[in-house]
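User: I'm new to this. Could you pick one part of this model and take a close look at it with me, spelling out the terms as you go?

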Amino acid sequence: MSITQATSPDRLTGGDEEVFVTTNKSVWQRLMANPTAVVSIAALVILSLSAILAPLLAPGNPLKVSPADRFIPPGLEHFFGTDNLGRDMFKMVLHGGRTSLLVGLVVTVISMGIAVVLGAISGFYRQVDVVLMRLVDGLMAFPGIVLATAAAGIMGPSMTTVITSLSIVLIAPSLRIVRGQVLVVRELQMIEAARSVGVPTLRLFTRYILPAVSSPILVQASFIFSAAVLGEAGLSFIGVGIGPKELSWGNALTEARNYISQAPWIVLFPGLALMLTILALNLLGDSLRDVLDPRLARRR
Amino acid sequence: MLRYLFKRFLLILPTIFVPLILVFLLLRLSPGDPAGMMLGDQATPEQIAALRTQLGLDQPVWMQFVLWLKGILTLDLGNSIFFREPVMQIIPRYATVTILLTAVALVLAVVIGVTLGLVSAMNRNKPIDRGVVTTAVLGISLPEFWFALLLIFVFAVTLRWFPVAGYNPPDAGIIAFGATIFLPALALGVRQSALMTRMMRSSMLDVLNEPYITTARAQGLPETTVLGRYAMRTAAMPVVTVAGLSAGYMLGGAVAIEIIFALPGLGRMLVEAVGRRDYPLVEGGVLTISLVLAVLNLLIDLIYAILDPRIRYQ
């Protein structure tokens with residue numbers, strides 16, 4: 001078992017492959033060999049495409065009111081039926097997905113980005129670590145939705161508010177994970193070796209530590225994404241989210257609850273889209289973890 | 001044990017103060033003047049200024065913070081701007097509902113989670129296990145507020161087994177109380193029960209592979225003793241952690257559920273108070289949730305130390 005073998009999995013064939021794979025390409029290949037991962041990635045691609053292509057798939061303003069078409073059950077003309085204002089639910093779900101997924105994506109990028117930077121600093125500097133970790137304790141112990149509600153309610157409902165408050169709330173769990181990984185990795189021999197030949201700290205981080213901690217970050221990102229989508233929907237649902245002029249899955253459900261006995265389909269479809277997204281993200285996270293950390297997979 | 005408790009106690013201080021300071025700053029730094037809101041459009045600038053002085057809003061932020069900290073330490077949280085009543089009198093009314101709701105939801109979640117997790121672990125890789133695992137994954141991805149709406153549609157609107165919304169306090173009789181609390185608690189607890197199912201299953205599977213279980217079986221102990229006395233105690237540890245986290249999550253996450261079912265709880269009160277810029281009430285609400293959570297975390301640590309003596313000596 002030579003080192004060359006370990007770093008060039010392409011040359012390997014047969015069942016031993018899993019023992020050696022270390023490159024990113026092989027992670028992708030193994031992910032593609034996992035049926036759950038394939039299904040969840042496919043679902044996410046379809047959901048994202050239908051959100052991106054919403055103006056083409058369902059043209060027209062989704063918020064346009066049409067009183068003559070109120071409460072039409074799902075059918076050929078309106079796939080998902082219409083709501084109390086005669087708005088087409090299919091259009092609302094497709095266009096609503098744009099906001100929901102965009103918020104999820106932006107929140108994930110911001111909170112993971114900050115978590116990586118702060119986690120690296122925290123893992124390297126003890127004094128900063130003590131303060132940061134107490135802050136994280138405080139944020140973690142407190143239910144995020146209350147902080148986000150307070151923030152969103154105070155700053156006024158808007159997409160920026162939702163993104164800001166969800167990002168703040170979701171930094172804490174990610175920061176803890178990144179910091180834990182950095183603490184482990186920085187004790188490795190390769191880091192000691194790099195340090196002894198005088199690699200500067202910043203380069204040490206970008207070149208050696210970041211690649212080593214990228215797997216748990218990737219897994220965490222998929223769970224943060226699902227938490228952000230759910231968070232946005234929850235905040236918008238209780239009226240302190242993106243505001244009434246925008247459309248998201250949570251927003252679409254806000255009014256729906258008043259008409260649940262007349263038109264259950266208004267409640268059904270936005271919620272199904274929401275659940276499908278969260279389910280796909282959670283499954284992707286689970287299978288990523290299995291692929292990246294085979295020790296965990298075996299225990300299941 | 002005492003030393004351990006003292007150390008744990010020091011560690012909970014940031015968990016109380018970080019959210020409080022955040023909320024305090026957020027409230028102060030955001031636009032919107034509570035004095036102007038209270039008096040309405042008709043008020044003259046003089047009236048608003050007088051009320052601002054009365055509420056201490058004309059002081060610099062740091063001074064307001066010092067006064068507010070003093071208030072907390074002397075258990076004087078001020079008067080609600082909207083209700084014109086001491087915050088200390090308003091909060092218990094709302095907190096009782098939320099705590100009852102969370103407690104019922106937690107009991108439901110633990111009973112469902114532990115039962116399904118055990119059944120699943122006992123029947124590993126059989127159809128029933130696969131069914132439970134799939135249901136749990138679905139359950140974890142279920143948005144509570146959407147599930148609440150589905151529950152209302154099925155059990156309140158269609159079957160008419162429960163009222164659509166509203167709240168009866170326990171004084172009104174256990175059946176009346178139960179009828180209004182069951183659906184909200186189920187909606188609130190379902191994701192947590194799914195988490196606990198997964199946790200219970202995997203921790204039970206781990207424990208069943210331990211040599212001491214094999215030894216117990218080899219000694220001819222009845223299976224109920226092996227599982228009940230030996231396996232369960234160890235397997236329960238991670239579930240206790242999850243239960244604690246769940247309780248904390250549900251205390252805060254009850255907002256949407258309280259709004260949907262029109263329960264007069266702390267979460268709903270908080271959202272309304274934020275809308276009215278009722279600073280003292282918002283701060284009082286956040287303080288209450290922080291305190292309850294801190295006590296809860298301490299209790300969990302205590303249960304931990306009782307279940308596993310090694311923790312005390314670390």
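Analyst: Let's start with some ground rules, then zoom in on the side of chain A that touches chain B.

First, this is a predicted model, so local features need pLDDT of at least 70 and side-chain atom pairs count only at pLDDT 80 or more, while totals for chains, interfaces and linings use all residues. Residues are numbered from 1 along each chain as its sequence is written, and chains are lettered from A and ligands numbered from 1 in the order in which they are written.

Now the backdrop. Chain A has 14 helices and 0 strands, where a helix is a DSSP run of H or I with at least four residues, a strand is a run of E with at least two, and both are numbered from the N terminus. Read from that end, the elements are simply α after α. Of its 300 residues, 44% are buried. Buried means that 20 or more other C-beta atoms lie within 10 Å of a residue's own; exposed means 12 or fewer, partly exposed is in between, and the C-beta atoms are placed from the backbone. Among contacts in chain A with a separation of 6 or more, 65% join residues 24 or more positions apart. Two residues are in contact here if their C-beta atoms, again placed from the backbone, lie within 7 Å.

So where do the chains meet? On one side are 37 residues of chain A, in contact with 42 residues of chain B. Helices H7 (126-141), H8 (144-155), H11 (201-237) and H13 of chain A each supply at least two residues of the chain A side. By class, that side has 26 nonpolar, 7 polar and 4 charged residues. The nonpolar class is Ala, Val, Leu, Ile, Met, Phe, Trp, Tyr, Cys and Pro; Asp, Glu, Lys and Arg are charged, and the others, Gly among them, are polar.

Let's follow one residue here. Leu230(A) sits in helix H11 of chain A, and it counts as buried because it has 28 C-beta neighbours inside 10 Å. Skipping neighbours within four places in sequence, its contacts are Ile278(A) and Pro143(B), so this one leucine reaches a partner in each chain. Its C-alpha is also 8.6 Å from that of Ser100(A), although the two are 130 residues apart along the chain.

Next, H13(A), another of the helices that supply that side. It covers residues 264-292, 29 in total, and runs 42 Å from first C-alpha to last, close to the expected 42 Å. That expectation is 1.5 Å times one less than the number of residues. H13(A) is mostly covered, with 23 of its 29 residues buried.

One more piece of chain A is worth a look: H6(A) (89-124) and H9(A) (159-185) have axes that come within 6 Å and cross at roughly 40°. Axes are lines fitted to C-alpha atoms, for helices over the stretch in contact, and angles run from 0 to 180 degrees between N-to-C directions. That is why the pair is called oblique: under 35 degrees is roughly parallel, over 145 roughly antiparallel, 65 to 115 roughly perpendicular, and the rest oblique. The crossing is right-handed, meaning the near helix is turned clockwise from the far one by less than a right angle; anticlockwise would be left-handed. Their contact has 20 nonpolar, 6 polar and 1 charged residues.
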